Amino acid sequence: MTPRRTSLPLRTAAIPAAMALTTALAFLPTTATALGHDGHAATATTADGPSLSYVVNTRPGQDASRIRKAIAQAGGTVVVSYDRIGVIVAHSANPDFAKTVRKVRGVASAGNTRTAPLPAQSTDDIDAPKLLSEKERQAVAAKAGAGQDPLEPLQWDLPAIKADKAHEKSLGSRNVTVGVIDTGVDDTHPDLAPNFDRKASVNCVTGKPDTADGAWRPTAEESPHGTHVAGEIAAAKNGIGVTGVAPGVKVSGIKVSTTAGFFYTEAVVCGFVWAAEHGVDVTNNSYYTDPWYFNCTTDPDQKALVEAVRRASSYAERKGVVNVAAAGNENYDLTSDTITDPSSPNDTTPGDRDVDPSVCLDIPTQLPGVVTVASTGAKGLKSSFSNYGLGIIDIAAPGGDSTAYQKPEPPATSGLIYNTLPGGQYGYMAGTSMASPHVAGVAALIKSTHPHASPWQVKALLKAEADDIACPTPYDIDGDGTVDAVCEGGKRYNGFYGAGLADALDAVEK
């Protein structure tokens, strides 16, 4: 297993190569006049910098049309205005745009969502998921037991959370939809097509919803990440390939990643708002919001990004959505006094910076109300890469690990997670990206069992029904005699596993 490159935000340890350039966006006005706190014209400014994207967060009760006018006068072009949460997405080539707009009466915060000009660029090559040959797939199918899909013997992750036992009682409800906020979902895959919810699917990459048919799908040059995640949640139990944790629920694709693999704030905001307003019950978020791994609220730009995504995710929860997110793959203790972040900003030139994770947040993972998921391997231990932290991790689920560290019981052979890929394919991936959708699937089963449960109640049941796991002492995952991470807390709640390992069987029984 190869760890994910720090230049990309996915919470996975293996994603595809050949990320192309994102689509170019329009150039913006070259001159502008700004409005001051009194709403009157200020000194004219010249837009002579690179074209960037911004979020502008308004104060409650403000006249959004007046602020949109101020944005235009400051050299900005409004892309979309989410008035219900007070977030406006704008583009500007004025290097002082954010500084100017922050002075406008009624603006709470404003900041650029990227450090690279539009379009962003990425030149990193990253490992592709491991595929099985047709001969290997046939050999696996021959080992499938009664009631199993042909490739299910490779899915050690299902019995790890008792999903196989849960399926004997319930596959989940067709009235429940899980939104995959990710790189796009290939709804033509035979294991996803039966459960795909087109009405709840969209492309949010620009920050503005694109509902064109198929806009939610990844192109051949883009990551298969979202398709893999969708299969883990809801691959149909149809005798074709693999099985999802909740194979009877629906899944939608909410595409927020650029072709180059960046998850920018405006897209993430759009994704949460879309989920809130289109019947989604659970969202899965296996990424961090670019270009900063940690967004420091002491920085005016980064503070605005935190606030915009917080407003959007909270809005979704108020509308009945349970938001689930991956904890990250750097083996960070998220309760440390200081973490050295070598990967930000990842859309230009990253460099080491020391951050305090109590004020510099991984979003949406560390936002209020979001279920934060750590990863476990085939032996039930914290995955070697999984971030952790007492009071940060809510729950754990299988995300895979190096087979050398945690080897599964036969007939499974790999310690990674096997599931759907675009083009009707299947393959192995690993990361907290793969742990989070297991929890999203269990949340969907809980919602199926308790259709009137609020997000708070679903989250409470997730934790109450989880299986306790005590801290390993010591945690030496590679067996070299050196402690690789320190777990704090007791058996019922600790920094490695939160409330414990997600339990799909309890989700359909209690």
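Colleague: Let's start with lysine 162. What does 29% relative accessibility make of that residue?

Modeller: At that value lysine 162 counts as partly exposed, because the class covers everything between under 20% (buried) and over 50% (exposed). Keep in mind that we're looking at a predicted model. As for its place, lysine 162 sits in the loop between helix 4 and helix 5 (163-167).

Colleague: What is there to notice in the backbone of lysine 162?

Modeller: The general idea first: most residues other than glycine have a negative phi, and most peptide bonds are trans. Lysine 162 goes the other way, with a positive phi of about 65° although it is not a glycine. Asparagine 331 also has a positive phi, of about 60°, and is not a glycine either. You'll find asparagine 331 in the loop between strand 12 (322-326) and strand 13, and with a relative accessible area of 22% it is partly exposed.

Colleague: And the peptide bonds: which one leading into proline 345 should I look at, and what is its omega?

Modeller: That's the bond from serine 344 to proline 345, which is cis with omega near -5°. Proline 345 belongs to the loop between strand 13 (339-341) and strand 14 (353-355). Have a look at the bond from threonine 473 to proline 474 too: it is cis, with omega near -10°. Proline 474 is in the loop between helix 10 (455-465) and helix 11 (504-509).

Colleague: On to charges. How many salt bridges does a search of the whole structure find?

Modeller: Side chains of opposite charge can pair when their charged atoms come close. Here the search turns up 19 salt bridges. One of them joins the side chains of arginine 68 and aspartate 83, 3.3 Å from N to O. Arginine 68 is in helix 1 (residues 64-73) and aspartate 83 in the loop between strand 4 (76-82) and strand 5 (87-92), so this pair ties together parts 15 residues apart in sequence. Arginine 68, at 27% relative accessibility, is partly exposed, and aspartate 83, at 45%, is partly exposed as well.

Colleague: How many residues apart in sequence are the parts tied together by aspartate 301 and arginine 102?

Modeller: Their side chains meet in a salt bridge at 3.0 Å, N to O. Aspartate 301 lies in helix 8 (residues 300-318) and arginine 102 in the loop between helix 2 (97-101) and strand 6 (107-112), so the parts they tie together are 199 residues apart in sequence. Arginine 102 is partly exposed, at 25% relative accessible area.

Colleague: Glutamate 152 and lysine 237 form a salt bridge too. Is glutamate 152 buried or exposed?

Modeller: Look at the pair first: the N to O distance is 3.1 Å. Glutamate 152 comes from the loop between helix 3 (134-141) and helix 4 (157-160), and lysine 237 from the loop between helix 6 (225-234) and strand 9 (250-255), so the pair ties together parts 85 residues apart in sequence. Now your question: glutamate 152 is buried, at 6% relative accessibility, whereas lysine 237 is partly exposed at 27%. Salt bridges can also share partners, and that is how Asp187, Arg198, Asp213 and Arg217 are joined into one network.

Colleague: Now the sheet. In what order do the 7 strands of the open sheet run?

Modeller: Strands of a sheet pair through backbone hydrogen bonds, either parallel or antiparallel. In this open sheet the pairing is parallel and the order is 8-9-7-10-12-16-17. Strand 8 (202-203) and strand 17 (395-398) are at the edges with a single partner strand each, so one side of each has no neighbour in the sheet. Strand 17 runs parallel to strand 16 (residues 371-376), joined to it by 4 bridges. Within that pairing, valine 373 stands opposite isoleucine 395 in strand 17. Helix 6 packs on the sheet, where it touches strand 7 (177-182), strand 9 and strand 10, and its direction makes about 160° with that of strand 7.

Colleague: Let me finish on strand 10. What surrounds threonine 283?

Modeller: Threonine 283 lies in strand 10 (residues 282-285) and is buried, at 0% relative accessibility. Leaving aside neighbours within four places in sequence, its contacts include Gly179, Ile181, Phe272 and Val322. The side chain of threonine 283 also makes a polar contact with the side chain of asparagine 285, at 3.1 Å.

Technical notes:
Residues are numbered from 1 along each chain as its sequence is written. This is a predicted model: local features need pLDDT of at least 70, side-chain atom pairs count only at pLDDT 80 or more; totals for chains, interfaces and linings use all residues. Side-chain values use heavy atoms; hydrogens and water are left out. A salt bridge is a side-chain nitrogen of Lys or Arg within 4 Å of a carboxyl oxygen of Asp or Glu. Helices (H or I, at least four residues) and strands (E, at least two) are DSSP runs, numbered from the N terminus. Buried means under 20% relative accessible area, exposed over 50%, partly exposed in between (1.4 Å probe, protein chains only). A polar contact is a pair of N or O atoms within 3.5 Å; within protein, one must be able to donate a hydrogen and the other to accept it, and residues adjacent in sequence count only if both atoms are side-chain atoms. Contact means heavy atoms within 4.5 Å. Two strands pair if DSSP finds at least two bridges between them. Axes are lines fitted to C-alpha atoms, for helices over the stretch in contact, and angles run from 0 to 180 degrees between N-to-C directions.
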